[in-house]
Amino acid sequence: MSIETSEKPVVNRAKFATGLGVLTATLGSAVGLGNIWKFPYLAGSNGGAAFLLVYIVCMLLIGIPVMISELTMGRAARSNAIATMQKLAPKKQPWWLIGAAGVISAFLIMAFYSEVAAWVFAYIFKAIQGGILSTDPEVTTGAFNGLVTNPGSSLIWQWIDLAVVGFIILLGVNKGIEGATKRLMPILLALLILVGVRSITLPGAGEGLEFLFKPDFSKLTAATFLVAMGLAFFKLSVGMGTMITYGSYFRDDQDIPGTAIRVAFSDLAVSLLAGIAIFPAVFAFGYEPNSGPSLLFLTIPSVFASMPLGNFFMVIFFLLTAIASIGAQISLVEVPVAFLEEKFNMSRKMATLTTIIGIALFGSLAALSSSTLADVKVFGMTFFDLFDYTTSNILLPLGGLFIAIFISWVWGYKKIENAISNNGSLSNQRVIKILYWSLLVVTPILITIVLLNGLKIIQ
Ligand code: PHE
């Protein structure tokens, strides 16, 4: 390895023990509410299939290259996101700012993500009580609005979610989360397939499939490109140091490009399954595809309402969605926790507590965005939307842009080649060449154009 660091390893640092563990942990970060909640509602409000296509292009040309870069840099430096940039960059150059922006992004994402997870938690209990099983849009919409407009329950469910996440982080990433996601992820997949099958056999389902798979390019606007790119960053957990942090736990003999590609495609498969489960129901029951963040919570109860043992399956569905969301949240929280531990020599307990309290404070702004703070708007958005918009559409793309520039222009070909071929023991020269050129030219130019265009800086 060309980059050896003399710093002593942090004792409490999690290590991924096996190749499979690395894969499930990384996949556990990628798969989450992004697939089941965000992807369907964004596809729904941005034209369906045309959006899907742009999203896949962004995943291939931007998401995967940045993911490989982050994992590689994290493994080379074996440090948290900020220290990794400090170690790898030439002295006195402020590349550590990328890591610092990542830590801030982690807080902002967690602020709204933990609230959506809170809705999922609340839905587990609503499902157990049986009151939301209905195909009537009025009933399902009423149930959702009742939840989000109640400040007390919005906050309490968020705190419950944060307590669970904090507890698992404290237990240690390896056994707890690796072990749990490995076992439960297949069940979530099976359930998604079950809902998907029910959904596509509903009368009138064809329209939903057409919406998701038959592109209408007239629907594409500059904003669509920005939203699709932002989703690619969000989905693959890149542009903010999560993958740098996870890369620092990777084994030396792990095939990084192979892992990244497997993760990206498996993640895409989960998103598609969620889309197949949701869109046919949208058209069959008369929901609006562009109903926004509430889409999942309205359509899913309707699909279950039209199947035998629906309530039972719905409880399990939301339970597994909650578990998937926890895998992603752990990887978000790990970014500041690893930083606090290493930078300030905090115990893991202290670092976790500090982070979780910080998120709870920020998070209350997002939690109250449909109730107490509904009228407080910044740039015309509620806090919930503001945190969501600025992270996916600005901070993560900027992070990705600078990571691509840093690794290809500053770190350079030789070091990339050494690191990604595991010092020559993998024969993946072709992949490395393609990756290098993409990071040097394609990825930065694409991100810049989409950003400037989407933010209306150039038109
Ligand atoms: N990828 C996660 C999801 O789709 C969200 C996430 C974003 C996790 C950024 C970590 C970092 O749910």
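**Exercise 1. Determine which residues surround Val-303 in this predicted model, and decide whether Val-303 is buried or exposed.**

Solution. Leaving aside residues up to four places away in sequence, Val-303 touches Val-195, Arg-198, Ser-199, Ala-277, Ala-281 and Phe-285. The residue itself lies in helix H13, which spans 295-305. The next step is accessibility: the relative accessible area of Val-303 is 0%, and since the cut-off for buried is under 20%, Val-303 is classed as buried. As a contrast to these contacts, the C-alpha atoms of Val-303 and Gly-166, which are 137 residues apart along the chain, are separated by 33 Å.

**Exercise 2. Classify the packing of helix H6 against H13 from the angle and the distance between their axes, and then describe the residues that make the contact.**

Solution. Two packed helices are described by the angle between their axes and the distance between the axes. For helix H6 (residues 137-148) and H13, the angle is about 135° and the axes are 9 Å apart. An angle over 145 degrees would be needed for roughly antiparallel, and 65 to 115 for roughly perpendicular, so H6 and H13 are oblique to each other. The crossing in which H6 passes H13 is right-handed. On the H6 side the contact is made by Thr-140, Thr-141 and Phe-144, and on the H13 side by Phe-297, Leu-298, Pro-301 and Ser-302. Sorted by class, the contact of H6 with H13 contains four nonpolar, three polar and no charged residues.

**Exercise 3. Work out how H5 is oriented relative to H14, and state what kinds of residue form their contact.**

Solution. The axes of helix H5 (residues 96-129) and H14 come within 9 Å and cross at roughly 165°. Because angles over 145 degrees count as roughly antiparallel, this value makes H5 roughly antiparallel to H14. The handedness of the crossing of H5 and H14 is left-handed, and the residues of their contact divide into 24 nonpolar, six polar and no charged.

**Exercise 4. Compare two positions in helix H14, Thr-321 and Glu-341, by asking of each whether it is buried or exposed.**

Solution. Thr-321 lies in helix H14 and has 0% relative accessibility, which puts it in the buried class. Not counting residues up to four places away in sequence, its contacts are Leu-33, Ile-36, Val-120 and Leu-188. Glu-341 is also placed in helix H14, and its relative accessibility of 6% likewise counts as buried, the cut-off being under 20%. The C-alpha atoms of Glu-341 and Ile-82 are separated by 12 Å, with their positions 259 residues apart along the chain.

**Exercise 5. Determine the mutual orientation of helix H2 and helix H10, and name the residues of each helix that meet.**

Solution. The axes of helix H2 (residues 33-45) and helix H10 (residues 222-235) come within 11 Å and cross at roughly 175°, and that angle makes H2 roughly antiparallel to H10. From H2, the residues Gly-34, Asn-35, Lys-38, Phe-39 and Leu-42 meet Val-227, Leu-231, Phe-234 and Lys-235 of H10. The contact of H2 with H10 has, by class, five nonpolar, two polar and two charged residues.

**Exercise 6. For the loop residues Leu-309, Asn-423 and Pro-203, assign each to its loop and to an accessibility class.**

Solution. Leu-309 is placed in the loop between helix H13 (295-305) and helix H14 (310-343), where it has a positive phi of about 60° although it is not a glycine; its relative accessible area of 61% makes it exposed. Asn-423, found in the loop between helix H17 (413-420) and helix H18 (429-454), has a positive phi of about 60° and is not a glycine either, but at 40% relative accessibility Asn-423 counts as partly exposed. Pro-203 belongs to the loop between helix H8 (173-200) and helix H9 (206-213), and with a relative accessible area of 68% Pro-203 is exposed. The C-alpha atoms of Pro-203 and Phe-285 are separated by 9.2 Å, although these residues are 82 residues apart along the chain.

**Exercise 7. Locate the bend in helix H16, and describe the backbone just after H16.**

Solution. Helix H16 (residues 383-411) bends by about 40°, and the bend is at Thr-391. Just after H16 comes Gly-412, which takes a positive phi of about 95°.

Note on methods: Residues are numbered from 1 along each chain as its sequence is written. This is a predicted model: local features need pLDDT of at least 70, side-chain atom pairs count only at pLDDT 80 or more; totals for chains, interfaces and linings use all residues. Side-chain values use heavy atoms; hydrogens and water are left out. Helices (H or I, at least four residues) and strands (E, at least two) are DSSP runs, numbered from the N terminus. Buried means under 20% relative accessible area, exposed over 50%, partly exposed in between (1.4 Å probe, protein chains only). Axes are lines fitted to C-alpha atoms, for helices over the stretch in contact, and angles run from 0 to 180 degrees between N-to-C directions. Angles under 35 degrees count as roughly parallel, over 145 as roughly antiparallel, 65 to 115 as roughly perpendicular and the rest as oblique. A crossing is left-handed if the near helix is turned anticlockwise from the far one by less than a right angle, and right-handed if clockwise. Ala, Val, Leu, Ile, Met, Phe, Trp, Tyr, Cys and Pro count as nonpolar, Asp, Glu, Lys and Arg as charged, and the others, Gly among them, as polar. The bend at a residue is the angle between axes fitted to the seven residues ending there and the seven starting there. Contact means heavy atoms within 4.5 Å.
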